[in-house]
Amino acid sequence: MPFDTLSKAKAKEYKSLSHKKIRDELGLFIAEGTKCVIDLLDTFHLERLICTTAWAHENEVYVEKFADKVLLSDKRGIEIVSSLNSLPEVIAIFEKPFAENRVDKLDRDKLYLLLDGIQDPGNIGTIIRTCDWFGVYDIFASKTTVDVYNPKVVQATMGSLARVRVRYLDLAILIEENRGMNVMGTLLNGIPINELNGEGKGFLIMGNEGKGISEELKNLIHKRITIPPVNPAAHPDSLNVAIATAICLSKMTLKK
């Protein structure tokens with residue numbers, strides 16, 4: 001069947017979704033590349049599927065399923081919309097789900113990740129992907145943490161956004177409302193991470209890339225955790241927060 005083509009005006013409109021204000025106003029976000037798009041198709045409501053003719057021919061099952069949503073485009077149109085250096089052959093525009101930040105009673109036997117002011121989109125995306133790997137499917141983020149629907153975050157998750165839920169709220173209130181939950185945080189003067197063995201229960205707090213965990217949340221931590229360097233005499237000032245998260249989740253979720 002014949003498909004509509006992407007107009008220059010629509011391309012510019014979708015390009016504007018790189019800005020959080022526009023994403024919030026339109027209730028839309030962008031996913032780019034075959035794997036990321038396909039992984040999200042069954043989770044989020046599709047607004048538009050922008051693709052090249054070649055991609056449409058190679059992926060007929062998706063094109064036929066969402067025929068009324070397809071917009072064909074040449075590389076010039078995709079270049080306008082895309083934020084990637086290497087142009088994808090498919091871009092999806094999805095509806096943002098309703099921001100449900102209400103938290104039901106949490107399971108004390110599960111591990112929940114709390115992100116306090118993480119700013120780098122690549123770090124957030126990698127953390128979401130890492131949580132998916134280690135079976136941690138609920139993330140609670142402070143309102144100062146970067147938007148999970150930022151195109152760079154979506155891209156970095158590589159489809160894991162379909163399985164890991166991120167909610168934005170006041171982390172201190174969350175902890176206070178769940179008294180009795182174990183609260184762990186990564187700090188310099190803590191228990192060495194290698195002493196942990198499958199202690200994956202409660203809240204794990206990861207702090208801002210430069211400032212670390214806020215003072216308000218530090219005061220709520222029950223168990224301080226540190227990742228000691230192999231060489232105490234010569235090492236960087238800190239680890240990347242996404243790498244630190246991966247190390248912690250590995251130790252907390254994988255038993256010997």
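# Close-up views of a predicted model

**Figure 1. Welcome to the whole chain, built from 11 helices and 11 strands.** This is a predicted model. Along its principal axes, the C-alpha trace spans about 60 × 40 × 35 Å. The chain has 256 residues, and 47% of them count as buried. How do contacts reach along the sequence? Among contacts between residues at least 6 apart in sequence, 78% join residues at least 24 apart.

**Figure 2. Here is the largest pocket, with a volume of about 750 Å³.** Its lining is made up of 26 residues, and the closest to the centre are Thr-186, Leu-188, Asp-237, Ser-238 and Leu-239. Which elements should you look for around the lining? β9 (183–192), β10 (202–207), β11 (223–226) and α11 (241–253) each supply at least two residues. Of the elements, β9 gives the most to this lining, with 4 residues. Sorted by class, the lining holds 12 nonpolar, 10 polar and 4 charged residues.

**Figure 3. Next comes the second largest pocket, which holds about 590 Å³ of space.** A set of 23 residues lines this pocket, and those nearest its centre are Ala-99, Val-148, Tyr-149, Val-166 and Tyr-168. Two elements to find here are α2 (20–26) and β8 (165–168), each of which supplies at least two lining residues. The most comes from β8, with 4 residues. By class, this lining has 11 nonpolar, 3 polar and 9 charged residues.

**Figure 4. This view shows the largest nonpolar core, a set of 53 residues.** Good places to start are Leu-40, Phe-94, Leu-113, Leu-115, Ile-128, Ile-139 and Leu-204, which touch the most other members of the core. The largest share of this core comes from α11, with 6 residues. There is also a second, separate core of 18 residues, and Phe-140, Met-181, Phe-203 and Leu-220 are among them.

**Figure 5. A closer look at Leu-40 and the residues it touches.** Which residues does Leu-40 touch, not counting those up to four places away in sequence? They are Phe-29, Ala-31, Phe-94, Val-154, Gly-159, Leu-161 and Ala-162. One of these, Phe-94, appeared in the previous view too, where Phe-94 and Leu-40 are both listed with the core residues that touch the most other members.

**Figure 6. Meet the aromatic pairs, which come to a count of 7.** The pair to find here is Phe-44 with Phe-94, which is tilted, with 6.2 Å centre to centre and 55° between the planes. Where in the chain do Phe-44 and Phe-94 sit? Phe-44 lies in the loop between α3 (34–40) and β3 (46–51), while Phe-94 belongs to strand β5 (residues 90–95). The pair links distant parts of the chain, 50 residues apart. Phe-44 counts as buried because its relative accessibility is 9%, under the 20% cut-off. Phe-94 also counts as buried, because its relative accessibility is 0%. Ring pairs further link Phe-29, Phe-44, Phe-94 and Tyr-149 into a cluster.

**Figure 7. A second ring pair joins Tyr-112 and Phe-140.** This pair is tilted, with 6.0 Å centre to centre and 40° between the planes. Tyr-112 sits in strand β6 (residues 111–116), and Phe-140 in strand β7 (residues 138–141). Here, too, the pair links distant parts of the chain, 28 residues apart. Are these two residues buried or exposed? Both Tyr-112 and Phe-140 are buried. Phe-140 is also a member of the second core, the one with 18 residues.

**Figure 8. Thr-52 is a loop residue to visit, found between β3 and α4 (53–58).** Thr-52 counts as buried because its relative accessible area is 11%, under the 20% cut-off. Leaving aside neighbours within four places in sequence, Thr-52 is in contact with Leu-72, Ser-73, Ile-78 and Glu-89.

**Figure 9. The last stop is Met-158, in the loop between α8 (151–157) and β8.** Met-158 has a positive phi of about 55°, although it is not a glycine. Why does Met-158 count as partly exposed? The reason is its relative accessible area of 27%, because partly exposed residues fall between the cut-offs of 20% and 50%.

How values were computed. Residues numbered from 1 in each chain as written. Predicted model: local features only at pLDDT ≥ 70, side-chain atom pairs only at ≥ 80, totals over all residues. Heavy atoms only, no water. 1 Å grid on protein atoms, 1.4 Å probe; cavity = no way out; pocket = protein on both sides within 12 Å on 5 of 7 lines; lining within 4 Å. Points joined across faces, edges and corners; volume = space filled by probe spheres on them. Nonpolar A, V, L, I, M, F, W, Y, C, P; charged D, E, K, R; others polar. Core = buried A, V, L, I, M, F, W, Y, C linked by side-chain atoms within 4.5 Å. Buried < 20%, exposed > 50% of the residue type's maximum accessible area, 1.4 Å probe, protein only. Contact = heavy atoms within 4.5 Å. Phe/Tyr/Trp six-rings, centres within 6.5 Å; stacked < 30°, edge-to-face > 60°.
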